[in-house]
Amino acid sequence: MAETIGSEMSSIPDKSAKVFVAGHRGLVGSAIVRKLHQLGYTNLLLRTHAELDLTRQADVESFFAQEKPVHVILAAAKVGGIHANNTYPADFIAVNLQIQTNVIHSAYLHGVKKLLFLGSSCIYPKFAPQPIPESALLTGPLEPTNEWYAIAKIAGIKTCQAYRIQHQWDAISGMPTNLYGPNDNFHPQNSHVLPALMRRFHEAKVSGAEEVVVWGSGSPLREFLHVDDLADACVFLLERYSGLEHVNIGSGQEVTIKELAELVKEVVGFEGKLGWDSTKPDGTPRKLMDSSKLASLGWTPKVSLRDGLRQTYEWYLENVCAASK
């Protein structure tokens, strides 16, 4: 039943209708705001954490009762790397469950027409088949280092499905692959592989270092999607998809960590050597999502990795480096 009602509910939204983008200052949320503005959406509802704490149920209820958004994109989450997940597991499961439960339930209660919930590729089992199809969800154990975050995100998918089944309410979920782009986290210790490489090569170039040594062998394969492509896919799903199952959002393109490092080195303009410390762990050998479902709906990414890296490096120079001077 849920699938048939879904096909009836899908429609192009009124671009003057109120759209609440939760988490609008993060990597994903800020890209979605840029895309919505670019596409002519004129009535975006944006609140900082100081203005609206999404973990506080009464505050979220009050916001929805007062503002009555028509559409909601839920990009707000507590996120972090392996160290943060291992150190603060209670925060990662509790805060994310609070945010998504409060927003989804209030959105339903106050007549939101459609909600898009965003998860993460870490929802899939550690040893999922490659490429990872949507059907791999809940078929095996999770990666232990981020299972608390993953379980919260799985609960978000299931919450959307439950409201669709019980209330015939149009709540959908999208699962992005590894993302990069403007507003990424370039912190020396807490950033992901791509911004970490970019920062290291830049600092090596500035200091005149002869070599940059990267952990591992360089052989693992990873998939990367520019955050502007993700934002485009999110609006596409909001406008055109209604179904019970979550949808993978990836580039479909794999690159080895070695190829990635060489490309970042070239974009940054570091002319020294690239070395590898094979005594350090490689991590998962391959992690690619199967995004054929999204492709069959008519969406494909537009930003090449090389162009995306160039754009990201320009943003890094203008925003991170300039701010630190």
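**A walk through the predicted model**

Strands β8 (221-226) and β10 (254-256) each contribute at least two residues to the lining of the second largest pocket. The structure that holds this pocket is a predicted model. From β8 come three of the lining residues, the largest share. The whole lining consists of 14 residues, and those nearest the centre of the pocket are F224, S251, Q253, S304 and L305. Sorted by class, the lining of the second largest pocket has eight nonpolar, four polar and two charged residues. The volume of this pocket is about 190 Å³.

A cavity is another kind of empty space, from which a probe cannot get out. How many cavities of 30 Å³ or more does the model have? The count is one. The largest cavity holds about 30 Å³ of space. Its lining is made up of S121, I132, T177, N178, E223, K287, L288 and M289. Three of these lining residues are nonpolar, three are polar and two are charged.

The next topic is the packing of nonpolar side chains. The largest nonpolar core contains 37 residues, and F20, L54, F64 and L115 have the most contacts inside it. Which elements each supply at least two residues of this core? They are the strands β1 (19-22), β3 (71-74), β4 (114-118) and β5 (170-176), together with the helices α3 (57-67), α5 (89-109) and α6 (147-167). Helix α6 gives the largest share of the core, six residues. A further core of 31 residues lies apart from this one, and its members include A31, I32, L237 and I249.

L54, one of the residues with the most contacts inside the largest core, can be followed through its neighbours. With residues up to four places away in sequence left aside, L54 is in contact with F20, A22, V60, A76, Q98, I99, N102 and V103. One of these neighbours, F20, is also among the residues with the most contacts inside the core.

Three single residues show how surroundings and accessibility can be read together. N85 sits in helix α4 (residues 82-87). Is N85 buried or exposed? Its relative accessible area is 2%, and buried means under 20%, so N85 counts as buried. Outside its close sequence neighbours, N85 touches G80, F92, T145, N146, W148 and Y149. With G80 there is a polar approach as well: a polar atom of the N85 side chain lies 3.0 Å from the backbone oxygen of G80.

Y108 belongs to helix α5. Its relative accessible area is 25%, a value between the 20% limit for buried and the 50% limit for exposed, so Y108 is partly exposed. Beyond four places in sequence, Y108 is in contact with Y163, H167 and W169. Y163 is 55 residues away along the chain, but the C-alpha atoms of Y108 and Y163 are 8.1 Å apart. The contact with H167 includes a polar one, in which the two side chains meet at 3.0 Å.

R25 is placed in the loop between β1 and α2 (27-38). Its relative accessible area is 62%, which is over 50%, and therefore R25 counts as exposed. R25 touches S30 and T48 when residues up to four places away are not counted. The C-alpha atoms of R25 and N319 are separated by 14 Å, with their positions 294 residues apart along the chain.

The last topic is backbone geometry. Most residues other than glycine have a negative phi, and most peptide bonds are trans. Which residues does a cis peptide bond join here? The bond joins Q130 and P131, and its omega is about -10°. P131 is part of the loop between β4 and α6.

L138 is also found in the loop between β4 and α6. The phi of L138 is positive, near 65°, although L138 is not a glycine. With a relative accessibility of 56%, L138 counts as exposed. Q168 has a positive phi too, near 55°. Q168 lies in the loop between α6 and β5, and a relative accessible area of 35% makes Q168 partly exposed.

Terms used: Residues numbered from 1 in each chain as written. Predicted model: local features only at pLDDT ≥ 70, side-chain atom pairs only at ≥ 80, totals over all residues. Heavy atoms only, no water. Core = buried A, V, L, I, M, F, W, Y, C linked by side-chain atoms within 4.5 Å. Buried < 20%, exposed > 50% of the residue type's maximum accessible area, 1.4 Å probe, protein only. Helix = DSSP H or I, 4+ residues; strand = E, 2+ residues; numbered from the N terminus. Contact = heavy atoms within 4.5 Å. 1 Å grid on protein atoms, 1.4 Å probe; cavity = no way out; pocket = protein on both sides within 12 Å on 5 of 7 lines; lining within 4 Å. Points joined across faces, edges and corners; volume = space filled by probe spheres on them. Nonpolar A, V, L, I, M, F, W, Y, C, P; charged D, E, K, R; others polar. Polar contact = N/O pair within 3.5 Å; in protein donor to acceptor, adjacent residues only side chain to side chain.
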